[in-house]
Amino acid sequence: MPFYAYKGINADGGVIKGSMEGADIDTVRDAVSSAGLYVVNLKQTNYYFSSLHKHILIRSIRRTEVIEFATNLAVMLKAGMPILVAHADIARTVENAYLRQTINSMRRMIELGGGFSEAAEAQSVFPDIFVRITRVGEETGNLEKSLLDVAAHLQKMEELSAALKRALIYPAFAVISTFGALLFWLVYVMPKIMNIFVDMGMALPLPTRILLAASNFAQSYWYAIIFAPVAAFVVLGYLKKKKPKVAYYVDLAKIRAPILKHIVHNRLLALFTEQMRILNTAGIPIDKSLRIVSEVIGNEVFRVAIDN
């Protein structure tokens, strides 16, 4: 859905500017007005800007905020509170502006007769497993339990992600520091040493000549050395989306790379088992569970293995 930029006046006379996603301009106007603002100006933003803006806003919602939303909603539903009232109460306490907008948008869809999982799926904010498990909860009449199960699952994923980040901090620091020191040595230190040998007219052995050539290259194209990994990362990311074979071999390289393979492989195994656990707990048949996991596993090698 496109984004619309708006300018409105609140009850105190203050000017409020912002943006909101909506199916059309009338829907956004009604949503802004229902928030207590008098709409002064409203217009659709550029498509590419809207896409980038939406991506940034979605990334701004942390997994812990989704966990808190699911847990709070489950507690309120279990206490007998109507789902619309629960959404309104949670939205008032949420600090993240885009998550608050998302919850209010879900509430409006539910008011119009949509289901909770349908409203969640339309927002493109919640993970696929969140939508699927809550849909099962709606069908079985036990939405609050499904929400608690999803919250517990996402909490485990958050703990796994945090553990991996902690494990990778030192190796990443070591690699970056070593690369920086090597580049400094080639660009600044090595030329001064080599000038001494050149002035003396000494015949340089092959390894030293190779070092001299590497130093000259680093001096002339230091920017290429710095930006080449970034460019390679961007190109590989693009090719992975366009070419399934490229994605397969890149993911295979991650699994087989020394040291890295232990982290990547164990993470994928943990993700696979946890996803299967939560889906089976929800009562989803194993064949359908395998199909769902293959779609969200995030690794082509594992996806092919699961599908087979």
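This is a working chat about the pocket, the surface patch, the salt bridges and a few residue pairs of a predicted model.

Reader: Before we start, what kind of model is this, and how are residues numbered?

Author: It is a predicted model, in which local features need pLDDT of at least 70 and side-chain atom pairs count only at pLDDT 80 or more, while totals for chains, interfaces and linings use all residues. Residues are numbered from 1 along each chain as its sequence is written, and side-chain values use heavy atoms, with hydrogens and water left out.

Reader: Okay, what volume does the largest pocket have?

Author: Its volume is about 1000 Å³. A pocket here is an open set of points on a 1 Å grid over the protein atoms alone, where a 1.4 Å probe fits, with protein on both sides within 12 Å along at least five of seven lines, and lining residues have an atom within 4 Å of a point. Grid points are joined across faces, edges and corners, and the volume is the space filled by probe spheres set on the points.

Reader: Which residues are closest to its centre?

Author: Of the 23 lining residues, Arg-63, Pro-127, Met-157, Ser-161 and Arg-267 are the closest to the centre of the largest pocket. The elements that each give two or more residues to that lining are helix H2 (47-60), helix H3 (63-78), helix H7 (128-140), helix H8 (143-199) and helix H12 (260-281), where helices are DSSP runs (H or I, at least four residues) numbered from the N terminus.

Reader: And which helix gives the largest share?

Author: That is H8, with 8 residues of the lining.

Reader: How does the lining split by class?

Author: The lining of the largest pocket has 14 nonpolar, 3 polar and 6 charged residues. In this scheme Ala, Val, Leu, Ile, Met, Phe, Trp, Tyr, Cys and Pro count as nonpolar, Asp, Glu, Lys and Arg as charged, and the others, Gly among them, as polar.

Reader: Staying with Arg-63, what does it form a salt bridge with?

Author: Arg-63 pairs with Glu-158, and the closest N and O atoms are 3.0 Å apart; a salt bridge means a side-chain nitrogen of Lys or Arg within 4 Å of a carboxyl oxygen of Asp or Glu. The pair links distant parts of the chain, with Arg-63 in helix H3 and Glu-158 in helix H8, 95 residues apart.

Reader: Are those two buried or exposed?

Author: Arg-63 is partly exposed at a relative accessible area of 34%, and Glu-158 is partly exposed at 23%. Buried means under 20% relative accessible area, exposed means over 50%, and partly exposed lies in between (1.4 Å probe, protein chains only).

Reader: How many salt bridges does the structure hold?

Author: There are 13 salt bridges. Among them is the one between Glu-274 and Arg-277, at 2.8 Å from N to O, and these two residues are separated by about one helical turn because they are 3 residues apart in helix H12. Glu-274 counts as buried at 8% relative accessibility, whereas Arg-277 counts as partly exposed at 33%.

Reader: Which residues do shared partners join into a network?

Author: Asp-128, Arg-132 and Glu-295 are joined into one network by salt bridges that share partners. Within it, the side chains of Arg-132 and Asp-128 meet at 2.5 Å, N to O.

Reader: Switching to the surface, which residues make the nonpolar patch?

Author: The patch, of about 1100 Å², is made by Phe-179, Phe-217, Tyr-221, Trp-222, Tyr-223, Ile-226, Phe-227, Val-230, Phe-233 and Val-234. Patch residues have over 30% relative accessible area and no salt bridge, with nonpolar side chains (Val, Leu, Ile, Met, Phe, Trp, Tyr) joined within 5 Å, and the areas come from the Shrake-Rupley method with a 1.4 Å probe.

Reader: Where does the largest share come from?

Author: Helix H10 (residues 222-242) gives 7 residues of the patch. One residue found in H10 is Trp-222, which is partly exposed with a relative accessible area of 44%.

Reader: Last one, how far apart in space are Ala-70 and Thr-208?

Author: Their C-alpha atoms are separated by 63 Å, with their positions 138 residues apart along the chain. Ala-70 is found in helix H3 and counts as buried at 0% relative accessibility. As another pair, Ile-292 and Met-276 are 16 residues apart along the chain, with C-alpha atoms separated by 9.1 Å; Ile-292 has its place in helix H13 (residues 286-296) and is buried, with a relative accessible area of 4%.

Note on methods:
Patches are made of residues with over 30% relative accessible area and no salt bridge: like charges are joined within 9 Å, nonpolar side chains (Val, Leu, Ile, Met, Phe, Trp, Tyr) within 5 Å.
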